[in-house]
Amino acid sequence: LEMGVFEKVIAPSLPNRSNRSRPKAGRPARMLRLNQSKAHFLAIQLGIEKTSLALPSVGVTGEDNWATHLATPGSAREWIARLSATAEQISEKNFWGVLVSVPGVVDEPKSRVLYSPNLHWTESADLPALLRQVWDVPAVIVQEEHALALGHHAADPNGEDFLLVDFGDGVGGAVLVDGKLNSHPLPISGELGHTPVVGNERRCGCGATGCLETLTSSRGLLQSFASSSTKAPRSWPALIASIADRGIEPWLASALDATAGIVAGALNVLGLRRVVITGTLNEMPPEVMSHFSQAISKGALWARFGAIKVEGAPRRRVAGLVAAGLDQLIIPVAESERRRAILLHVRSTPES
């Protein structure tokens, strides 16, 4: 409460069932919730084509609501210059920290991007040091799919373990088991988009040929759509309209089936039965998700014994960033303060 992580909520008074009811002993109960009244963090999504900013409260659990967007440039110097100019327009100046979602292979404990197929300049950039040039506060760097998985868990904390698959600039994934992200010493997990697809000759930004994301990323889908229909404009609305009018054409069915086979393989390895889909696949007509779900079930071993759960969900990357910020910045401080208070109490007690 003192730090502002929680805030009091005025609870409605309930009428006494009996005039003879006794007042409860002790201090009156207080209803609390995570603070929704003040923005304590600055959230940044570093995307391939654009960088987005938001000012979330610690109580955020809903879908993303980015307030500011700017084009992502081709160098660290240009990026921080644009953020510096944008900072002048942000009224809030005091933050607990800056929370950044980044693509690629990320060593989160060291706040370092090891490999980014589509934003190679981030590999040599010290992102926390750059951000401190604009905001003199700690920075938390989170891999973008990890942020999505943490955000979905924040909105559905009692749901079962899941594999999250996100479609957009690329195709990425994250695994959440027992409320925690799947992690190991080498920070490579959920890289579904860089699995090769037999017969796919497209060159990927990672340097390989045939990666899945060259087929089912937004750019890949538009490329296939343009190749299949030279008369149609190469735009996302035209693609959606074409699917609604003509259904799932062979080129799209082939891309969906290839993706479903890779997702099913991941489920078989992980022993999971729940898939959460975020991103552009949810923008398509319902028959696309239906086809995709059925294709996953065909390849998933769990479907032989029960049901595979495939569900669409909004992106909650901001909520995931806040969860990471609380975990890395606020809980350690709160725990340190708690230990200090206990130590002071012990020292001030005569019998100690």
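This passage describes the fold of a predicted model, from the whole chain down to single residues.

The chain holds 352 residues, and 47% of them count as buried. Its secondary structure comes to nine helices and 14 strands. The exposed surface of the chain is about 19,000 Å². Carbon and sulfur atoms supply 53% of that area. Contacts between residues at least 6 apart in sequence were also examined. Of these, 64% join residues at least 24 apart.

One open sheet is built from five strands in the order S5-S4-S3-S6-S9. Its pairing is mixed. Strand S5 (68-71) and strand S9 (139-143) stand at the edges. Each has a single partner strand, so one side of each is left without a neighbour in the sheet. From one strand to the next, the twist averages 20°. At one edge, S9 pairs with strand S6 (residues 97-102) in the parallel sense, over five bridges. Within this pair, Ser-101 stands opposite Val-142 of S9.

Two helices pack on this sheet. Helix H1 (residues 76-87) touches strand S3 (41-46), strand S4 (50-54) and S5. The direction of H1 makes about 150° with that of S5. Helix H3 (residues 144-155) touches S6 and S9. The direction of H3 makes about 90° with that of S9.

Another open sheet also has five strands, in the order S12-S11-S10-S13-S14, and its pairing is mixed. Its edge strands are strand S12 (180-181) and strand S14 (309-312), each of which pairs on one side only. Strand S13 (residues 274-279) and S14 run parallel and are joined by four bridges. Here Val-276 has Glu-311 of S14 as its bridge partner. H3 packs on this sheet too, touching strand S10 (162-167), strand S11 (171-177), S12, S13 and S14. The direction of H3 makes about 125° with that of S10. H3 therefore has contacts with strands of both sheets: S6 and S9 in one, and S10 to S14 in the other. Helix H7 (residues 250-270) packs on the sheet as well and touches S10, S11 and S13. The direction of H7 makes about 155° with that of S10.Strand S11 links two hairpins. S10 and S11 form one, with three residues between them. These two strands pair in the antiparallel sense over six bridges. In S11, Val-175 is the bridge partner of Leu-163. S11 and S12 form a hairpin with two residues between the strands. There, Asp-178 takes a positive phi near 55°. S11 and S12 run antiparallel and are joined by two bridges. In this pairing, Val-177 has Lys-180 of S12 as its partner. S11 is mostly covered, with six of its seven residues buried. In a regular strand, side chains alternate between the two faces of the sheet.

The surface also carries a nonpolar patch. Leu-1, Phe-6, Leu-32 and Leu-34 form this patch, with about 330 Å² of accessible area together. Leu-1 lies in the segment before strand S1 (6-9). Leu-1 counts as partly exposed because its relative accessibility is 44%, between the limits of 20% and 50%.

Note on methods
Residues are numbered from 1 along each chain as its sequence is written. This is a predicted model: local features need pLDDT of at least 70, side-chain atom pairs count only at pLDDT 80 or more; totals for chains, interfaces and linings use all residues. Side-chain values use heavy atoms; hydrogens and water are left out. Two strands pair if DSSP finds at least two bridges between them. Axes are lines fitted to C-alpha atoms, for helices over the stretch in contact, and angles run from 0 to 180 degrees between N-to-C directions. Contact means heavy atoms within 4.5 Å. Patches are made of residues with over 30% relative accessible area and no salt bridge: like charges are joined within 9 Å, nonpolar side chains (Val, Leu, Ile, Met, Phe, Trp, Tyr) within 5 Å. Accessible areas come from the Shrake-Rupley method with a 1.4 Å probe; for residues, only the protein chains shown count as cover. A salt bridge is a side-chain nitrogen of Lys or Arg within 4 Å of a carboxyl oxygen of Asp or Glu. Buried means under 20% relative accessible area, exposed over 50%, partly exposed in between (1.4 Å probe, protein chains only).
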